[in-house]
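These are my notebook entries on a structure, kept in the order in which I looked things up.

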Amino acid sequence: MSASRYADVTIAFEAHAIDNATFGHAEHVQVAYDLLHKYDFIDAAAIYAKVIRTLAANAGAPDKFNLTITYAFMSLIAERLANTQATDFKSFAQENSDLMAKSVLNQWYSAERLNMQLARDIFLLPADA
């Protein structure tokens, strides 16, 4: 995927020029998708987490950043990318519509676990059910 094929939101995201008011969950997924095409998983996840953390801090809401949610979504999107035939984000999103709901992580994490301060600070594995 060439640089010109990345969504405008991803280009703005990497430039730290994103408008928090219009950066909703679907845009988060789009950016993760693009970054995972542009970089290997380790770099994509690190870039994604650092920018999200910076955006939250710049918006005056540093506690909104949650490393567990961030890395869990990146991991899930990466896994889905490894198993898809979709060639663009629109097709990928249609094929994986569950990713468009923040609640998709509820199959692995309880709300209590995701809302712990520890989950904001470090990546937590899902707890045994």
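Entry 1, the surface patch. I take a patch to be made of residues with over 30% relative accessible area and no salt bridge, nonpolar side chains being joined within 5 Å. With that in hand, and bearing in mind that this is a predicted model, I looked up which residues form a nonpolar patch on the surface, and found Met116, Leu118 and Ile122, with about 240 Å² of accessible area together. I then placed isoleucine 122 in the segment after H7, and noted that isoleucine 122 is partly exposed, its relative accessible area being 41%.

Entry 2, the nonpolar core. I turned next to the interior, recalling that in soluble globular proteins nonpolar side chains tend to be buried together. The largest nonpolar core has 35 residues, and I wrote down Phe13, Phe23, Tyr48, Ile77, Phe92 and Leu105 as those with the most contacts inside it. Two or more residues of this core are given by each of helix H1 (8-14), H2, helix H3 (41-58), H4 and H5, and the largest share, 8 residues, comes from H3. I then asked what phenylalanine 13 is in contact with, leaving aside its neighbours within four places in sequence. The list I obtained for phenylalanine 13 is Ile18, Phe23, Val31, Leu35, Ile47, Tyr48, Val51, Ile52 and Leu55. Two of these partners return when I look at rings, since ring pairs link Phe13, Phe23 and Tyr48 into a cluster.

Entry 3, aromatic pairs. How many aromatic pairs does the structure hold? I count 5 aromatic pairs, and I looked at two pairs in detail. The rings of tyrosine 33 and phenylalanine 89 have their centres 5.2 Å apart and their planes at 65°, and because planes over 60 degrees apart count as edge-to-face, I entered the pair as edge-to-face. Tyrosine 33 lies in helix H2 (residues 25-38) and phenylalanine 89 in helix H5 (residues 89-95), so this pair ties together parts that are 56 residues apart in sequence. Both tyrosine 33 and phenylalanine 89 are buried.

The second pair joins the rings of tyrosine 71 and phenylalanine 123, whose centres are 6.3 Å apart and whose planes stand at 40°, so I entered the pair as tilted. Since tyrosine 71 lies in helix H4 (residues 67-82) and phenylalanine 123 in the segment after helix H7 (117-121), the pair ties together parts that are 52 residues apart in sequence. I checked the exposure of each ring residue and found tyrosine 71 partly exposed at a relative accessible area of 26%, while phenylalanine 123 also counts as partly exposed, at 33% relative accessibility.

Entry 4, glutamine 30. Is glutamine 30 buried or exposed? Glutamine 30, whose place is in helix H2, has a relative accessible area of 14%, and because buried means under 20%, I recorded it as buried. Not counting residues up to four places away in sequence, glutamine 30 touches Ala7, Val9, Thr10 and Phe89.

Entry 5, salt bridges. Side chains of opposite charge can pair when their charged atoms come close, and I found that the structure holds 2 salt bridges. In one salt bridge the side chains of lysine 38 and glutamate 14 meet at 2.8 Å, N to O; lysine 38 lies in helix H2 and glutamate 14 in helix H1, so the pair ties together parts that are 24 residues apart in sequence. Lysine 38 is partly exposed, with a relative accessible area of 36%, and glutamate 14 is partly exposed, with 24%. The side chains of arginine 80 and aspartate 98 also meet in a salt bridge, at 2.8 Å, N to O. That pair links distant parts of the chain, with arginine 80 in helix H4 and aspartate 98 in the loop between H5 and helix H6 (111-114), 18 residues apart. For aspartate 98 I noted a relative accessible area of 30%, which is partly exposed.

Entry 6, two loop residues. Tryptophan 108 has its place in the loop between H5 and H6 and counts as partly exposed at 38% relative accessibility. Leaving aside neighbours within four places in sequence, I found tryptophan 108 in contact with Leu76, Pro126 and Ala127. Histidine 16 is found in the loop between H1 and H2 and is partly exposed, with a relative accessible area of 45%. I also looked up the phi of histidine 16, which is near 60°, a positive value in a residue other than glycine. Finally, the C-alpha atoms of tryptophan 108 and histidine 16, 92 residues apart along the chain, are separated by 31 Å.

Methods:
Residues are numbered from 1 along each chain as its sequence is written. This is a predicted model: local features need pLDDT of at least 70, side-chain atom pairs count only at pLDDT 80 or more; totals for chains, interfaces and linings use all residues. Side-chain values use heavy atoms; hydrogens and water are left out. Rings of Phe, Tyr and Trp (its six-membered ring) pair if their centres lie within 6.5 Å; planes under 30 degrees apart count as stacked, over 60 as edge-to-face and the rest as tilted. Helices (H or I, at least four residues) and strands (E, at least two) are DSSP runs, numbered from the N terminus. Buried means under 20% relative accessible area, exposed over 50%, partly exposed in between (1.4 Å probe, protein chains only). A nonpolar core is a set of buried Ala, Val, Leu, Ile, Met, Phe, Trp, Tyr and Cys residues joined through side-chain atoms within 4.5 Å. Contact means heavy atoms within 4.5 Å. Patches are made of residues with over 30% relative accessible area and no salt bridge: like charges are joined within 9 Å, nonpolar side chains (Val, Leu, Ile, Met, Phe, Trp, Tyr) within 5 Å. Accessible areas come from the Shrake-Rupley method with a 1.4 Å probe; for residues, only the protein chains shown count as cover. A salt bridge is a side-chain nitrogen of Lys or Arg within 4 Å of a carboxyl oxygen of Asp or Glu.
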